[in-house]
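Reader: I'd like to learn how to read a fold from its coordinates. Can you walk me through one?

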Amino acid sequence: MAQPKEGVYVKGTFLEGAGWDFENNCLCEPDPMELIVSMPIIHFKPVENKKRSQKGIYSCPLYMYPVRTGTRERPSFMISVDLRAGAADPDHWIMRGTALLLALAS
């Protein structure tokens with residue numbers, strides 16, 4: 001894969017609390033007993049002034065570790081990533097505690 005003109009590609013992220021619809025590129029209900037799913041490659045592009053989230057967009061927190069609180073010396077929260085909420089309202093994913101993770105507990 002060629003380097004992007006702007007930003008960076010990130011692979012190896014995991015989604016907790018939801019499933020990912022690869023055809024529609026949006027959040028969906030996970031399969032039964034599926035707690036964590038692998039995410040496709042995400043393209044992060046820098047923006048100067050981020051506008052407010054649009055309707056149907058879930059501002060998903062990205063954590064470095066599965067322990068979301070982290071420690072005093074090393075917080076776990078990294079950034080919020082805008083993901084399409086799919087058929088559900090973004091508030092549904094907030095109540096589910098849906099988040100992206102950079103590492104798993106294993």
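Author: Let's go from the whole chain down to single residues, keeping in mind that this is a predicted model.

Reader: Okay, the big picture. How many helices and strands does the protein chain have?

Author: Start by counting the elements, then look at their order. Here there is one helix and nine strands. Along the sequence the order is β-β-β-β-β-β-β-β-α-β, with the helix sitting just ahead of the final strand.

Reader: Why is the protein chain called as compact as a globular protein of that length?

Author: You compare the radius of gyration with a rule for the chain length. The radius of gyration is 14 Å and the globule rule gives 13 Å for 106 residues, which is close, so the chain counts as that compact. For a feel of the extents, the C-alpha trace spans about 40 × 35 × 30 Å along its principal axes.

Reader: What share of the contacts comes from residues far apart in sequence?

Author: Take the contacts with a separation of 6 or more; 65% of them join residues 24 or more positions apart.

Reader: And the surface and charges?

Author: The accessible surface is about 7,800 Å², and carbon and sulfur atoms hold 55% of that. As for burial, 26% of the 106 residues count as buried. On charge, there are 12 positive and 12 negative side chains, and the centres of the two sets are 8 Å apart.

Reader: How many aromatic pairs turn up?

Author: For rings, check the distance between centres, then the angle between planes. The count is one pair. Tyr63 and Phe77 have ring centres 5.9 Å apart and planes at 70°; since planes over 60 degrees apart count as edge-to-face, that is what this pair is.

Reader: Where do the two rings sit in the chain?

Author: Tyr63 belongs to strand 7 (residues 57-63) and Phe77 to strand 8 (residues 77-84), so the pair links distant parts of the chain, 14 residues apart.

Reader: Are Tyr63 and Phe77 buried or partly exposed?

Author: The buried label needs under 20% relative accessible area. Tyr63 has 14%, so Tyr63 counts as buried, while Phe77, at 42%, is partly exposed.

Reader: One last residue: where is Thr13, and what is Thr13 in contact with?

Author: Thr13 lies in the loop between strand 1 (8-10) and strand 2 (14-16). Even so, Thr13 is buried, with a relative accessible area of 2%. Setting aside neighbours within four places in sequence, Thr13 has contacts with Val37, Ser38, Met39, Pro40, Ile42, Leu101 and Leu102.

Conventions
Residues numbered from 1 in each chain as written. Predicted model: local features only at pLDDT ≥ 70, side-chain atom pairs only at ≥ 80, totals over all residues. Heavy atoms only, no water. Helix = DSSP H or I, 4+ residues; strand = E, 2+ residues; numbered from the N terminus. Rg over C-alpha atoms; globule rule 2.2 N^0.38 Å. Buried < 20%, exposed > 50% of the residue type's maximum accessible area, 1.4 Å probe, protein only. Contact = heavy atoms within 4.5 Å. Areas by Shrake-Rupley, 256 points an atom, 1.4 Å probe, with all protein chains shown as cover. Lys, Arg positive; Asp, Glu negative; His and termini not counted. Charge placed at Lys NZ, Arg CZ, Asp CG, Glu CD. Phe/Tyr/Trp six-rings, centres within 6.5 Å; stacked < 30°, edge-to-face > 60°.
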